[in-house]
Amino acid sequence: MFMERFRNRLLLQKQAGLYRNPPEITGKDGKYLSLGGGKILNFASNDYLGLGSCRELREKVARNFEKYGTSSSSSRLVSGNYTLINKAEKEYASFFGYDDALFFPSGYQANLGVLSTLFEKGDVILFDKHIHGSSVKGMTMSGAVFHGYKHNSMSHLEKKLEADRHRRVAVVTESLFSMDCDFLDVEGFRRLKERYGFLSVVDEAHAFGAVGESGRGVCREAADVAVGTFGKALGLFGAFALLPRGVKEYLFNFSSPLIYTTTLPEAHGASAMDLLEIVSRSDDRRERLKEVSGIMKENLIKSGFEVGGEAHILAPEIGEERMAVEISRKMLDRGIFVLPARYPTVPLGKAILRISMTSLHTGDDAAYFVDSLAAVHGRKKTGRRRAEG
């Protein structure tokens, strides 16, 4: 009976154009992937600064793992509370301007661990309807009542705050939304926070490292708690939560996703500190990322596409799910790897191509991408050819 249900649901996914079957990648080299015996341009990576391919970082990480070993071999609360990890967390808290920090094995686990623990029955959570699924799961596990507000609408959020002004209220949002590709209205959010005094939790996973002064993101003045990840612009793996004083102790004692898992190894803590030094002096990478992202967006608009995105994640709207899948496949035939975002990640019938830019891309890469997309979609071209690697 179970297997029959599994088969039927997969069949329905295929019929709806929502079936997911990612291609097998045999390797990567900077902005390129090795796939099917060929070398293709990758526009589906969150390695925004190119640090995942940075030789300096690779060498430092390799030395750290050789020195400290490959595993912590314990949960944080048994024998995994290493001095080196605590030191790294203090450095991250100081760099980003918070009282404390706590490392997690993944961004999903960080959002789960923070939101499921800080809130409980009797609390009210207001959340932007376009936040990440891991945040939704964390809120669900908390037992709190939660209500969504229209994406990035500070006026709608204020109405919700007025309705719940006599209760314990928290607001959960993101600083750079990964599918809408727009920034939070930080100033409007900050004003509401001053007026209503809610506790704010902001996911800065797509901003940390890539935007803000020295890569510090955009929400420090508006976020009581911020969640970041090592696995995007920072080029490593794992995640971190930036916290007010006392909250780390609370999570240590009550956060199941933290308590009942093997912690990251000492070598990760050492690598995280090395990484922070590299990120702080990567203004050149951030400037290249901003420049090439602007070129890509400008070319897409000139070719007639409706494009969402205010930074290094861009989203030309395609519409119908099957069409988005077909365009992605045809782009692959032209040596470009870009994937569609479909329901339920985005609203039904509003499928997009999610373009992730990196500092490794060039203006010629962007022009070739747009020419290829115009060709498979029937739009006008920019007249540029693919840049050779």
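How far apart are the mean positions of the positive and negative charges of the chain? In this predicted model, the separation comes to 4 Å, taken over 54 positive and 48 negative charges. The accessible surface on which a reader might next dwell amounts to about 18,200 Å², and carbon and sulfur atoms account for 50% of that area.

Turning to the overall fold, the chain is built from 13 helices and 15 strands. Its radius of gyration is 21 Å, close to the 21 Å given by the globule rule for 389 residues, so the chain is as compact as a globular protein of that length. The C-alpha trace spans about 55 × 55 × 50 Å along its principal axes. Sequence-distant pairings feature in the contacts as well: of those between residues at least 6 apart in sequence, 69% join residues at least 24 apart.

The interior deserves a closer look. Buried residues make up 53% of the 389 in the chain. The largest nonpolar core contains 87 residues, and Tyr92, Phe189, Met296 and Phe369 are those with the most contacts inside it. For Tyr92, once neighbours within four places in sequence are left aside, the contacts include Ala101 and Phe103, together with Phe230, Leu234, Phe240 and Leu242. Tyr92 also touches Ala272, Met273, Leu275 and Leu276. Separate from this core is a second one of 24 residues, with Phe119, Ile125, Leu243 and Val247 among them.

Note on methods:
Residues numbered from 1 in each chain as written. Predicted model: local features only at pLDDT ≥ 70, side-chain atom pairs only at ≥ 80, totals over all residues. Heavy atoms only, no water. Helix = DSSP H or I, 4+ residues; strand = E, 2+ residues; numbered from the N terminus. Rg over C-alpha atoms; globule rule 2.2 N^0.38 Å. Buried < 20%, exposed > 50% of the residue type's maximum accessible area, 1.4 Å probe, protein only. Contact = heavy atoms within 4.5 Å. Areas by Shrake-Rupley, 256 points an atom, 1.4 Å probe, with all protein chains shown as cover. Lys, Arg positive; Asp, Glu negative; His and termini not counted. Charge placed at Lys NZ, Arg CZ, Asp CG, Glu CD. Core = buried A, V, L, I, M, F, W, Y, C linked by side-chain atoms within 4.5 Å.
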